[in-house]
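This report describes selected features of one protein model, which is a predicted one. Please look at the sequence and the structure before reading on.

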Amino acid sequence: MHPRNVWQALSRPGYALSAWPWRSAGYLLTGTLTGVVLLVGIVLSAVAGGVLALALVGLPLLLCTVLAGIPVAALERLRLRLVDPEPAPDPHEPPGDPGLRAWLTTRLRERATWREFGHALLFAGLLWPVDALALAVGLLCPLTVVATPVLLAVFGEAKVLKVWLVTGWPAAFGFALLGLVLLVLGAYLLGVVAGARAGLTRLLIAPREADLGARVVELARSRVRLVDAFEAERRRIERDLHDGAQVRLVALTMTLGLARLDAPPGPLADQLAKAHEEAGTALAELRELIHGIHPKVLADYGLEAAVTDAADRSAVPVDVDLELSGRLSQAVEAAAYFVVCEALANVGRHSGASRAEVSGGHRDGRLFLLVRDDGRGGARAGAGSGLTGLADRVSVLDGRLTLSSPPGGPTLLRVEIPCEPAS
């Protein structure tokens, strides 16, 4: 398995003979060059801004200095791949509106912009000299020592590191061997400095919490997309059953009914009557199934009408008091409707209540639903009531489902779902 970054490569044998020392050297070299250019640019901007401040030209220059951290950070995210190929996410959000003004407003309000500006100042003032020093100690000095025989052959003498004067070949080759040892040690030094430098850079311009936050946002969006796809599939199945199988079953029932009328009394008429009754029962069950998958009244008239319809079909008398000014999103309406249906079904099966009530409305950007009954209480969400799955479905929409059911009653189910009226 290949190492994923320079730190993993350092812990494995054969590091000095791999490409990682040279990648580390390239990272430090490009860091040195970038830091020098950045330092010159910041100094020139600061001087020009101070000189031209009275003419109101210095402010744009200072603004450009602040925003210079953005391209520097973008370059750093590319350079990180030399020692850490793991992608560094861009923490900037796209502006809400087109145009330079919206872009500037968005960038200046972001914490990432100021964090990248701080990184640019640190880069120009401290980090690039560290890169240059590590490069000189870990690579240039060992290469100079290794080249001692070459210098001796060219100039007749060699002064190693400006300290030791070498005039003989035995000493020259001895320094060359020492240079090879120093080159191996320098390879590890380059890897350590480059790894630490990359870790600091990633912490400043691509923090892990930003990546985690982006993943959480994407996860929430994917959950919503899954819910929308699930609801679309439910509606498709309901439409296919309603327009296909139900129509054919109605035609079959009518045909059997006509055949029953035309058949003379006897065993054949009895069989036709039985088949006609079975077809009618199957048709009724199919209609109930279609209604349970996605009721047409919910799609056509909205949540308020669908809840009223569910209350009319409940085994327990139900009072409905909903205040909805308009339609909500399809996912919210479907989730709220099925919560109400499951709650009313539990009331009829388990509560022993004589009456129930469904109330709620939409205010402050949230849908509120309350289902109350006067039954014996003691209900639990996980006791086979089916409310656990509905609570999960509500939570996908960032909603909340709470159940209060003390022994002796009453039972109160509360649902809150953040939503806005559909356009």
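## A strand pair within the sheet

In this predicted model, strand 5 (residues 366–373) and strand 7 (residues 411–418) run antiparallel to each other and are joined over eight bridges. One residue pair illustrates this contact: Leu370 has Arg414, in strand 7, as its bridge partner.

## The sheet as a whole

Both of these strands belong to an open sheet of five strands, whose order is 3-4-5-7-6 and whose pairing is mixed. At its edges lie strand 3 (318–323) and strand 6 (400–404), each of which pairs on one side only. On average, and with direction ignored, neighbouring strands of the sheet are turned by 10° against each other.

## Helices lying across the strands

Two helices can be described in relation to these strands. Helix 12 (residues 303–312) lies across strand 3, strand 4 (356–363) and strand 5, and its course is at about 175° to strand 3. Helix 13 (residues 330–351) lies across strand 3, strand 4, strand 5, strand 6 and strand 7, and runs at about 10° to strand 5.

## Trp22 in helix 2

Elsewhere in the sequence, Trp22 has its place in helix 2, which spans residues 20–51. Is Trp22 buried or exposed? With a relative accessible area of 56%, Trp22 is exposed, because that value lies over the 50% cut-off used for this class.

Trp22 can also be placed relative to Leu190: the two residues are 168 residues apart in sequence, while their C-alpha atoms are 8.6 Å apart in space.

Notes: Residues numbered from 1 in each chain as written. Predicted model: local features only at pLDDT ≥ 70, side-chain atom pairs only at ≥ 80, totals over all residues. Heavy atoms only, no water. Helix = DSSP H or I, 4+ residues; strand = E, 2+ residues; numbered from the N terminus. Buried < 20%, exposed > 50% of the residue type's maximum accessible area, 1.4 Å probe, protein only. Pairing = 2+ DSSP bridges. Axes fitted to C-alpha atoms, helices over the stretch in contact; angles between N-to-C directions. Contact = heavy atoms within 4.5 Å.
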